[in-house]
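This report describes the fold of one chain, its helix packing and a few single residues. Please read it with the structure open.

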Amino acid sequence: ERDPVFQIRISVGFTFYRNATTDTLHGTPFAQLATAIEESWNLLPEVSRVDVPSEFSSVTLADEASELQIENIILQTPQFRKLHLEVARSDAGLQVVHCVMFPRAEFDLPLFSLDMVGFGDRITLLILDLCPVTPDLSLPAAYGPSLESLQRELLAEVPRRGTPDWGKAIFSEHCMLLSPSTSEHVANFIEYVRATLAMHLQHSLSSQPDKELRAQVTWSDVACNP
């Protein structure tokens, strides 16, 4: 049973990081990144919103010491069964943008996975990968050269982090795990996200469904069809 001093307050909508008057995320790289993702999704043909129960769409968790606010948006398209974007912030300084795009199992598309994590004025972790859904962790042929070119152009100077053991089972060879040390590093990462997302969405629109893909037994059977 939850401690009686701990309260959950539910609000409606996916708007807090856009509020210039009340929110500390407005105008920050976190808001810029979330906005870029939303804008890209909203341009997709046949995109639709998935109804999220109010207890999950916008949640504020508060106790006597701190407050954590989390908001979620979920969309879907014929190629993606779930486009999930989550933004979180606490008055203790934690800030997070989390995004995952789950392809439908009949499409030969990787799983777009992104995180931006910060505390106070410092962004401590940036992750972006197009996680393969094949047993050998290979990506469709069109992805590799484009990702390599974008990484050389935008991320060559950004400090890298080592891949954790758990990540070796799911990340592609093109995964970016970064520890930015300047605002320019962060800005370049956001541009990399924009370009990678645009490329991925373009591939998705030209992709054709293949029912045989549903029969493949890979880790994506769980990731894409929970």
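A residue counts as buried when its relative accessible area is under 20%, as exposed when that area is over 50%, and as partly exposed in between. By this cut-off Gln79 is buried, because its relative accessible area is 12%. The model is a predicted one, and the values below are computed from it.

**Overall fold**

The chain has five helices and nine strands. In sequence order these elements follow the pattern β-α-β-α-β-β-β-β-β-β-α-β-α-α. The chain is made up of 226 residues, and 46% of them count as buried. If only contacts between residues at least 6 apart in sequence are taken, 61% of them join residues at least 24 apart.

**Helix packing**

Helix α4 (residues 183-206) takes part in both helix pairs described here, one with α3 (residues 143-154) and one with α1.

| Helix pair | Angle | Distance between axes |
|---|---|---|
| α3 and α4 | about 165° | 10 Å |
| α1 and α4 | about 15° | 10 Å |

How do α3 and α4 run relative to each other, roughly parallel or roughly antiparallel? They pack at an angle of about 165°. Angles over 145 degrees count as roughly antiparallel, so α3 is roughly antiparallel to α4. Their crossing is right-handed. On the α3 side the contact is made by Tyr143, Ser146, Leu147, Leu150, Gln151 and Leu154. On the α4 side these meet Asn188, Glu191, Tyr192, Ala195, Thr196, Met199, His200 and His203. By class, this contact has seven nonpolar residues, six polar ones and one charged one.

Helix α1 covers residues 29-42 and packs against α4 at about 15°. Since angles under 35 degrees count as roughly parallel, α1 and α4 are therefore roughly parallel to each other. The crossing of α1 and α4 is right-handed. From α1, the residues in contact are Pro29, Gln32, Leu33, Ala36, Ile37, Ser40 and Trp41. Their partners in α4 are Val186, Ile190, Val193, Arg194, Leu197 and Leu201. The contact of α1 with α4 comprises ten nonpolar, two polar and one charged residues.

**Cysteines**

A disulfide is a covalent bond between the sulfur atoms of two cysteines. How many disulfides does the structure hold? The number is zero. Cys175, for instance, is in no disulfide, and the nearest cysteine sulfur belongs to Cys131, 6.7 Å away. The cut-off for a disulfide is 2.5 Å between the sulfur atoms. Cys175 has 11% relative accessibility and so counts as buried.

Cys99 lies in strand β6 (residues 94-103). Is Cys99 buried or exposed? Cys99 is buried, because its relative accessible area is 0%. Leaving aside residues up to four places away in sequence, Cys99 touches Ile37, Trp41, His84, Leu85, Phe112, Ser113 and Leu114. Two of these, Ile37 and Trp41, are also among the α1 residues that meet α4. The C-alpha atoms of Cys99 and Ala34 are 8.7 Å apart, while the two residues are separated by 65 residues along the chain.

**Two buried glutamines**

Gln79, introduced above as buried, sits in the loop between β4 (67-76) and β5 (80-90). Which residues does Gln79 touch, not counting those up to four places away in sequence? They are Pro103, Arg104, Phe107, Leu109, Ser204 and Leu205. Of these, Pro103 belongs to the range of β6 (residues 94-103), and Ser204 and Leu205 fall in the range of α4 (residues 183-206).

Gln69 is located in strand β4. Its relative accessibility is 10%, so Gln69 counts as buried. Gln69 and Arg89 are 20 residues apart along the chain, and their C-alpha atoms are separated by 5.5 Å.

**Positive phi outside glycine**

Glu46 is not a glycine, yet has a positive phi of about 65°. Glu46 is part of the loop between α1 and β2 (48-49). With a relative accessible area of 65%, Glu46 is exposed.

Leu137 also has a positive phi, near 60°, in a residue other than glycine. The loop that holds Leu137 runs between β8 (122-131) and α3. Leu137 counts as partly exposed, because its relative accessibility is 24%.

Terms used:
Residues are numbered from 1 along each chain as its sequence is written. This is a predicted model: local features need pLDDT of at least 70, side-chain atom pairs count only at pLDDT 80 or more; totals for chains, interfaces and linings use all residues. Side-chain values use heavy atoms; hydrogens and water are left out. Axes are lines fitted to C-alpha atoms, for helices over the stretch in contact, and angles run from 0 to 180 degrees between N-to-C directions. Helices (H or I, at least four residues) and strands (E, at least two) are DSSP runs, numbered from the N terminus. Angles under 35 degrees count as roughly parallel, over 145 as roughly antiparallel, 65 to 115 as roughly perpendicular and the rest as oblique. A crossing is left-handed if the near helix is turned anticlockwise from the far one by less than a right angle, and right-handed if clockwise. Contact means heavy atoms within 4.5 Å. Ala, Val, Leu, Ile, Met, Phe, Trp, Tyr, Cys and Pro count as nonpolar, Asp, Glu, Lys and Arg as charged, and the others, Gly among them, as polar. Buried means under 20% relative accessible area, exposed over 50%, partly exposed in between (1.4 Å probe, protein chains only).
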